Amino acid sequence: MKKRRAIFPGSFDPLTLGHYDIIKRGITLFDELIIAIGVNTDKKYMFTLEERKRFISDAFKDEPQITVLTYQGLTVDFCKKVNAGFILRGLRNPGDFEFEKAIAHTNRKLSEIETVFLLTSSGKSYISSSIVRDVIRNGGDYSGLVPDSVRTK
């Protein structure tokens with residue numbers, strides 16, 4: 001039987017409790033889940049790639065079906081490279097849906113890869129990496145927005 005392998009792509013700058021929620025629920029749907037950290041050389045990150053990988057690896061160290069990898073280029077090309085048939089995405093609000101729907105349709109046009117959407121749990125739907133970065137930059141308490149692995153930065 002073919003394994004159901006999915007990727008969960010993002011910059012994870014940093015990993016938030018919203019991401020954590022989607023990942024924990026996603027591993028119940030797939031045999032393997034690759035957390036795929038996209039590298040965009042035009043983007044300025046708050047955390048280094050190594051820090052972001054460590055945040056995720058530490059948060060899911062007890063989940064053997066999770067792998068953390070990095071990639072550049074098109075997500076569908078990375079899916080083909082790692083033999084993933086699915087892309088997992090989280091939706092926080094209607095704006096996310098419209099944006100993600102366009103990407104999913106484009107990915108489907110470019111490949112046979114299906115996108116699976118999960119709604120972020122209601123108590124976490126307001127959390128975004130950009131909000132977390134803003135709280136951190138301004139010295140606020142971000143402990144309720146990220147997993148323990150990020151709080152120990």
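This is a short dialogue on reading a predicted model.

User: Let's begin with the sheet. In what order do the strands stand, and is the pairing parallel or antiparallel?

Analyst: A good habit is to list the strands as they lie side by side. In this predicted model, 5 strands make an open sheet, ordered 3-2-1-4-5, and their pairing is parallel. Strand 3 (66-71) and strand 5 (114-119) are at the edges with a single partner strand each, so one side of each has no neighbour in the sheet. On average, neighbouring strands are turned by 30 degrees against each other, direction ignored.

User: Could we zoom in on one pair? Which residue stands opposite I7?

Analyst: Take strand 1 (residues 5-10) and strand 4 (residues 86-91), which run parallel and are joined by 2 bridges. Opposite I7 stands I87, in strand 4.

User: Now the helices. Which strands does helix 1 touch?

Analyst: For a helix on a sheet, look at its contacts, then at its direction. Helix 1 (residues 17-26) packs on the sheet and touches strand 1, strand 2 (32-38), strand 3, strand 4 and strand 5. Its direction makes about 120 degrees with that of strand 5. Helix 4 (residues 94-110), in turn, lies across strand 4 and strand 5, and runs at about 170 degrees to strand 4.

User: I noticed E100 in helix 4. Is E100 buried or exposed?

Analyst: Here the relative accessible area helps: under 20% counts as buried. E100 has 8%, so it is buried. Its side chain makes a polar contact of 2.7 Å with that of R89. Leaving aside neighbours within four places in sequence, E100 is in contact with R89, L91 and F117.

User: And the hydrophobic interior? Which residues have the most contacts inside the largest nonpolar core?

Analyst: In soluble globular proteins, nonpolar side chains tend to be buried together. The largest nonpolar core in this model has 27 residues, and F8, I23, L33, I35 and I56 have the most contacts inside it. At least two core residues come from each of strand 1, helix 1, strand 2, helix 2 (49-59), strand 3 and helix 5 (129-137). I35 is a nice one to click on: beyond four places in sequence, its contacts include F8, F12, I23 and I56. Another core, of 11 residues, lies apart from the largest one and has F78, V82, I87 and I113 among its members.

User: Finally, where does UniProt place the domain?

Analyst: The unreviewed UniProt entry places "domain: Cytidyltransferase-like" at residues 7-134. In the model, that span is 41% helix and 23% strand, and its end C-alpha atoms lie 27 Å apart.

Conventions: Residues numbered from 1 in each chain as written. Predicted model: local features only at pLDDT ≥ 70, side-chain atom pairs only at ≥ 80, totals over all residues. Heavy atoms only, no water. Pairing = 2+ DSSP bridges. Helix = DSSP H or I, 4+ residues; strand = E, 2+ residues; numbered from the N terminus. Axes fitted to C-alpha atoms, helices over the stretch in contact; angles between N-to-C directions. Contact = heavy atoms within 4.5 Å. UniProt positions renumbered as here; feature names shortened; annotations may be inferred. Buried < 20%, exposed > 50% of the residue type's maximum accessible area, 1.4 Å probe, protein only. Polar contact = N/O pair within 3.5 Å; in protein donor to acceptor, adjacent residues only side chain to side chain. Core = buried A, V, L, I, M, F, W, Y, C linked by side-chain atoms within 4.5 Å.
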